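Me: I have a structure open and would like to understand the words used to describe it. Could you go through the reasoning with me?

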Amino acid sequence: MTPVPPELTVRPLNGADELGLFLRLTYVLDHELAGDLAAGRRRPEWMWVALRGERVVARLAWWTNERGGAPMFLDFFDLDDTLPEPARGETGLRLLETASAAVLPAGAPRPEYGRYVPPGWREDPAVREAVEARQRVMEASGARVLVERLRLEWRAGTPVPADTGRLRFRRVRDREDLLALMAPVMEGTLDAHGQQDLASGLTAREAAEKHYDEEFAGLRTPKEWWRIAELPDGTPVGFVIPARNNYHPMIAYIGVLPAHRGKGYVDDVLAEGTRVLAAEGVERIRAATDLGNVPMAKSFARLGYVNFERAIDMVWD
């Protein structure tokens, strides 16, 4: 007689002491979980598992940027890839919908889902199937792929170009000083998230304010690191935001004003941001750009940044 599989149980963790249960499936961010729980960036009630008996067959978790914040990002969603289809997809969808109904406010937009994948994930059939299996579950719940991004890294010892002297760099004076440049940079942006903000009806200025308030305002590293690039006569050309998040030093944002694009200034601006962080003695600098933003990707490559990973972001409209 064929044994009947145990019933599926879908539930959150009962507390941080159940982290070992959550870790029975694996993902590249597993090493951050304990620290995130201690810092309040994750909560046990946001970390869910699907169990058949004692076997974890799926898991998910949301993240926020500070203790007490609302769920901002769905960054863990893993399936037991030894399960056959359609059981694997059905299990994942039940977990996603059950957890979402319990954790997220009714009628509120769902936080974006993101997953890190190897740079050549499409070239390995097993990896590709695992990635696409998770995408299929998200699509079944109404999500769509917004963008695929290159994740990049500069490593200590990589040469940093000297200042060419074509531009001069000064510190950002205040919020308005930066917003005055962010707004025109939003016009004609190749960044999918920026394009989404504009498509939602926000003006370029409103989109810039949203970006500043949601990302830059909460950075705890010195604003003295931020740089505005100008021509020798004081005409602004662009800006760069070197910073550090909860995990890594990073180039948080880089922009060149439309009137000055196509002149190679992006390399000068990126080099300045890299010099600021390299002077702090960091071991690495993280950055990211959309796969479709070819000019920016080429600039990172020229500066010695390595594409070590990709990220796929999905959204619910």
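Reply: Happy to; below we take a few descriptions one by one, keeping in mind that this is a predicted model.

Me: Let's start with Arg286, in strand E11 (residues 284-290). Why is Arg286 called buried?

Reply: The relative accessible area of Arg286 is 16%. Buried means under 20%, so Arg286 is buried.

Me: What makes the pairing of Arg286 with His248 a polar contact?

Reply: The side chains of Arg286 and His248 come to 3.2 Å, and the cut-off for such a pair of N or O atoms is within 3.5 Å. His248 is also one of the residues in contact with Arg286 when neighbours within four places in sequence are left aside; the others include Arg151, Glu153 and Phe308.

Me: Now Arg205, in helix H7. Why is Arg205 described as partly exposed?

Reply: Its relative accessible area is 31%. Buried would need a value under 20% and exposed one over 50%, so Arg205 is partly exposed.

Me: Which side chain makes a polar contact with the side chain of Arg205?

Reply: That of Glu176, at 2.8 Å, does. Leaving aside neighbours within four places in sequence, Arg205 is in contact with Glu176, Leu179, Ala180 and Ala183.

Me: What makes Asp191 a cap for helix H6?

Reply: A side-chain oxygen of Asp191 lies 3.1 Å from the backbone nitrogen of His193, at the N-terminal end of H6. After H6 comes Gly201, with a positive phi near 110°.

Me: Which residues of H6 are buried, and what do they pack against?

Reply: In H6 (residues 192-199), the buried residues are Ala192, Gly194 and Asp197. The buried residues of H6 pack against strand E6 (143-155), helix H5 (175-186), helix H7 (204-216) and E11.

Me: Why are helices H3 and H4 called oblique to each other?

Reply: H3 (residues 87-103) and H4 (residues 125-140) pack at an angle of about 50°, with their axes 9 Å apart. Angles under 35 degrees count as roughly parallel, and 65 to 115 as roughly perpendicular. The angle of H3 and H4 fits neither range, nor the one over 145 for roughly antiparallel, so the two helices are oblique. Their crossing is right-handed.

Me: Which residues make that contact between H3 and H4?

Reply: From H3 come Arg88, Gly89, Gly92, Leu93 and Leu96, and from H4 come Glu129, Ala133, Arg136, Val137, Met138 and Ala140. These residues divide into 6 nonpolar, 2 polar and 3 charged.

Key:
Residues numbered from 1 in each chain as written. Predicted model: local features only at pLDDT ≥ 70, side-chain atom pairs only at ≥ 80, totals over all residues. Heavy atoms only, no water. Helix = DSSP H or I, 4+ residues; strand = E, 2+ residues; numbered from the N terminus. Buried < 20%, exposed > 50% of the residue type's maximum accessible area, 1.4 Å probe, protein only. Polar contact = N/O pair within 3.5 Å; in protein donor to acceptor, adjacent residues only side chain to side chain. Contact = heavy atoms within 4.5 Å. Axes fitted to C-alpha atoms, helices over the stretch in contact; angles between N-to-C directions. Left-handed = near helix turned anticlockwise from the far one by under 90°. Nonpolar A, V, L, I, M, F, W, Y, C, P; charged D, E, K, R; others polar.
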